[in-house]
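Hello,

Here is the structure I promised to pass on to you. Have a look at it first, and then read my notes below.

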Amino acid sequence: MAEQSEEARFSDLCGAEISLQRRAFSDSCREFSISCPKVSLWAITVHTCGVWLIAYGLFAITENTMVLSSAIFITILGLLFYLHFVKIDQETLLVIGSLGVQMTSFYASGKESTNFIEISKVKDIVINEAIYMQKVIYYLCILLRDPVDPNEVSEVVPVFQRSKPRLDCLLEVYRSCQEILGQEKTQ
(Lines give C-alpha, C1' and ligand atoms only; values in the text may rest on other atoms or scores of the structure.)
Protein backbone atom coordinates (compact mmCIF):
# COMPACT_ATOMS: atom_id res chain seq x y z
CA MET A 1 0.00 0.00 0.00
CA ALA A 2 1.42 3.39 -0.97
CA GLU A 3 1.40 6.20 1.56
CA GLN A 4 -1.90 8.10 1.53
CA SER A 5 -2.27 11.55 3.00
CA GLU A 6 -5.34 13.71 3.64
CA GLU A 7 -5.81 17.02 5.41
CA ALA A 8 -8.98 18.46 6.89
CA ARG A 9 -9.78 21.65 8.81
CA PHE A 10 -11.56 21.63 12.16
CA SER A 11 -11.83 23.92 15.16
CA ASP A 12 -10.63 23.47 18.72
CA LEU A 13 -12.67 24.01 21.89
CA CYS A 14 -12.00 27.76 21.77
CA GLY A 15 -13.06 28.06 18.13
CA ALA A 16 -9.55 28.49 16.68
CA GLU A 17 -8.86 26.68 13.41
CA ILE A 18 -6.75 23.52 13.58
CA SER A 19 -5.84 21.09 10.83
CA LEU A 20 -5.82 17.31 10.99
CA GLN A 21 -3.44 15.53 8.67
CA ARG A 22 -4.03 11.79 8.27
CA ARG A 23 -1.30 9.64 6.80
CA ALA A 24 -1.78 5.93 6.16
CA PHE A 25 1.49 4.05 5.67
CA SER A 26 -0.26 0.66 5.59
CA ASP A 27 -3.51 -0.90 6.81
CA SER A 28 -2.06 -1.23 10.31
CA CYS A 29 0.03 1.95 10.49
CA ARG A 30 -1.50 5.43 10.55
CA GLU A 31 -0.36 8.82 11.74
CA PHE A 32 -2.62 11.68 12.84
CA SER A 33 -1.15 15.18 13.21
CA ILE A 34 -3.06 18.12 14.61
CA SER A 35 -1.50 21.48 13.83
CA CYS A 36 -2.43 24.45 16.01
CA PRO A 37 -2.28 28.11 15.02
CA LYS A 38 1.23 29.58 15.09
CA VAL A 39 2.33 32.13 17.66
CA SER A 40 0.76 35.50 16.92
CA LEU A 41 3.34 38.25 16.66
CA TRP A 42 0.56 40.76 17.32
CA ALA A 43 -0.42 39.10 20.60
CA ILE A 44 3.21 38.94 21.76
CA THR A 45 3.68 42.63 20.92
CA VAL A 46 0.52 43.65 22.79
CA HIS A 47 1.48 41.70 25.92
CA THR A 48 5.05 42.99 25.84
CA CYS A 49 3.92 46.59 25.43
CA GLY A 50 1.42 46.15 28.27
CA VAL A 51 4.10 44.89 30.66
CA TRP A 52 6.51 47.63 29.64
CA LEU A 53 3.88 50.39 30.00
CA ILE A 54 3.09 49.21 33.52
CA ALA A 55 6.83 49.11 34.27
CA TYR A 56 7.27 52.62 32.86
CA GLY A 57 4.40 53.86 35.05
CA LEU A 58 6.06 52.32 38.11
CA PHE A 59 9.39 53.83 37.03
CA ALA A 60 7.78 57.29 36.78
CA ILE A 61 6.48 56.91 40.35
CA THR A 62 9.55 55.32 41.95
CA GLU A 63 12.31 56.72 39.70
CA ASN A 64 14.11 53.38 40.10
CA THR A 65 15.72 51.99 36.92
CA MET A 66 15.56 48.46 38.35
CA VAL A 67 11.83 48.48 37.54
CA LEU A 68 12.52 48.84 33.80
CA SER A 69 15.36 46.31 33.86
CA SER A 70 13.15 43.84 35.72
CA ALA A 71 10.31 44.30 33.22
CA ILE A 72 12.60 43.54 30.29
CA PHE A 73 14.08 40.52 32.07
CA ILE A 74 10.67 39.15 33.10
CA THR A 75 9.27 39.63 29.59
CA ILE A 76 12.14 37.77 27.96
CA LEU A 77 12.00 34.91 30.51
CA GLY A 78 8.21 34.71 30.17
CA LEU A 79 8.42 34.51 26.39
CA LEU A 80 11.10 31.81 26.51
CA PHE A 81 9.07 29.81 29.05
CA TYR A 82 5.92 30.14 26.92
CA LEU A 83 7.64 29.03 23.71
CA HIS A 84 9.55 26.15 25.30
CA PHE A 85 7.01 24.67 27.74
CA VAL A 86 3.52 25.88 26.82
CA LYS A 87 2.95 26.67 23.13
CA ILE A 88 2.60 23.51 21.06
CA ASP A 89 2.56 23.83 17.28
CA GLN A 90 1.72 20.21 16.49
CA GLU A 91 0.63 17.02 18.25
CA THR A 92 1.02 13.66 16.53
CA LEU A 93 -0.44 10.24 17.23
CA LEU A 94 1.21 7.32 15.41
CA VAL A 95 -0.60 3.98 15.70
CA ILE A 96 1.25 0.86 14.57
CA GLY A 97 -0.95 -2.17 15.07
CA SER A 98 1.77 -4.72 15.81
CA LEU A 99 4.05 -2.41 17.79
CA GLY A 100 2.30 0.34 19.75
CA VAL A 101 1.17 3.93 19.96
CA GLN A 102 3.49 6.93 19.90
CA MET A 103 2.43 10.44 20.93
CA THR A 104 4.68 13.37 20.02
CA SER A 105 4.33 17.06 20.84
CA PHE A 106 6.27 19.70 18.90
CA TYR A 107 6.73 22.95 20.82
CA ALA A 108 7.11 26.41 19.25
CA SER A 109 10.75 26.53 20.40
CA GLY A 110 11.58 23.37 18.44
CA LYS A 111 11.53 21.07 21.48
CA GLU A 112 9.96 17.62 20.98
CA SER A 113 8.34 15.43 23.60
CA THR A 114 7.61 11.78 22.75
CA ASN A 115 5.77 9.07 24.66
CA PHE A 116 5.53 5.47 23.42
CA ILE A 117 3.10 2.82 24.66
CA GLU A 118 3.51 -0.83 23.68
CA ILE A 119 0.50 -2.40 22.00
CA SER A 120 0.37 -5.14 24.67
CA LYS A 121 -0.33 -2.44 27.27
CA VAL A 122 -3.14 -0.82 25.24
CA LYS A 123 -6.57 -2.08 26.26
CA ASP A 124 -8.50 0.33 24.02
CA ILE A 125 -8.63 3.82 22.56
CA VAL A 126 -11.83 5.67 23.44
CA ILE A 127 -13.46 9.08 23.37
CA ASN A 128 -14.17 10.20 26.91
CA GLU A 129 -16.20 13.13 28.13
CA ALA A 130 -15.54 15.55 30.95
CA ILE A 131 -17.24 18.58 32.44
CA TYR A 132 -15.06 21.67 32.13
CA MET A 133 -16.18 25.21 32.94
CA GLN A 134 -19.88 24.28 32.75
CA LYS A 135 -19.40 22.59 29.36
CA VAL A 136 -19.12 18.97 28.35
CA ILE A 137 -15.90 18.42 26.41
CA TYR A 138 -14.66 15.31 24.66
CA TYR A 139 -11.14 13.99 24.51
CA LEU A 140 -9.42 10.98 23.01
CA CYS A 141 -7.65 8.73 25.48
CA ILE A 142 -5.76 5.46 25.59
CA LEU A 143 -6.84 2.95 28.22
CA LEU A 144 -3.88 1.00 29.57
CA ARG A 145 -4.26 -2.61 30.65
CA ASP A 146 -3.75 -3.40 34.32
CA PRO A 147 -0.71 -5.74 34.59
CA VAL A 148 -2.33 -7.66 37.46
CA ASP A 149 -5.84 -8.00 36.00
CA PRO A 150 -5.84 -7.63 32.16
CA ASN A 151 -9.62 -7.04 32.16
CA GLU A 152 -9.20 -3.86 34.22
CA VAL A 153 -7.85 -0.42 33.27
CA SER A 154 -4.78 0.77 35.16
CA GLU A 155 -4.38 4.21 33.62
CA VAL A 156 -6.07 6.64 31.24
CA VAL A 157 -3.66 8.54 28.96
CA PRO A 158 -5.21 11.56 27.22
CA VAL A 159 -4.18 12.31 23.64
CA PHE A 160 -4.09 15.78 21.99
CA GLN A 161 -4.13 17.51 25.38
CA ARG A 162 -2.99 20.92 24.17
CA SER A 163 -4.69 21.19 20.78
CA LYS A 164 -8.09 20.25 22.28
CA PRO A 165 -9.93 19.25 19.08
CA ARG A 166 -13.70 19.06 19.04
CA LEU A 167 -15.72 15.87 18.78
CA ASP A 168 -15.97 15.84 14.96
CA CYS A 169 -12.17 15.76 14.67
CA LEU A 170 -11.82 13.17 17.43
CA LEU A 171 -14.30 10.86 15.69
CA GLU A 172 -12.11 10.77 12.57
CA VAL A 173 -9.08 9.71 14.61
CA TYR A 174 -11.09 7.31 16.79
CA ARG A 175 -12.56 5.39 13.83
CA SER A 176 -9.15 4.86 12.24
CA CYS A 177 -7.63 3.75 15.54
CA GLN A 178 -10.46 1.28 16.08
CA GLU A 179 -9.87 -0.20 12.61
CA ILE A 180 -6.22 -0.84 13.48
CA LEU A 181 -6.99 -2.20 16.95
CA GLY A 182 -9.75 -4.38 15.47
CA GLN A 183 -7.24 -5.90 13.03
CA GLU A 184 -4.89 -6.69 15.91
CA LYS A 185 -7.62 -8.41 17.93
CA THR A 186 -8.58 -10.66 15.00
CA GLN A 187 -4.97 -11.79 14.43
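A good place to begin is Tyr132, whose bridge partner in strand 8 is Lys135. Please keep in mind that this is a predicted model.

That pair belongs to a longer arrangement: strand 7 (residues 122–132) and strand 8 (residues 135–145) run antiparallel and are joined by ten bridges. Together they make a hairpin with two residues between the strands. If you click on Met133 in this hairpin, you will find that Met133 has a positive phi near 50 degrees.

Strand 8 also pairs with strand 9 (residues 153–158), again in the antiparallel sense, and here there are five bridges. One pair to look up is Ile142 with Val157, its bridge partner in strand 9.

Now turn to the helices. Which residues form a nonpolar patch on the surface? They are Val51, Trp52, Ile72, Phe73, Ile74, Ile76, Leu77 and Leu80, and together they have about 780 Å² of accessible area. Helix 1 (41–62) and helix 2 (65–86) each supply at least two residues of this patch. Helix 2 gives the most, with six residues.

Leu77 is a nice residue to try out your viewer on, as a member of the patch that lies in helix 2. Is Leu77 buried, partly exposed or exposed? Its relative accessible area is 45%, so Leu77 counts as partly exposed, since that class runs between under 20% for buried and over 50% for exposed.

Enjoy exploring, and write back with any questions.

Best wishes

Notes: Residues numbered from 1 in each chain as written. Predicted model: local features only at pLDDT ≥ 70, side-chain atom pairs only at ≥ 80, totals over all residues. Heavy atoms only, no water. Patch = residues over 30% accessible without salt bridge, like charges linked within 9 Å, V, L, I, M, F, W, Y side chains within 5 Å. Areas by Shrake-Rupley, 256 points an atom, 1.4 Å probe, with all protein chains shown as cover. Salt bridge = Lys/Arg side-chain N within 4 Å of Asp/Glu carboxyl O. Helix = DSSP H or I, 4+ residues; strand = E, 2+ residues; numbered from the N terminus. Buried < 20%, exposed > 50% of the residue type's maximum accessible area, 1.4 Å probe, protein only. Pairing = 2+ DSSP bridges.
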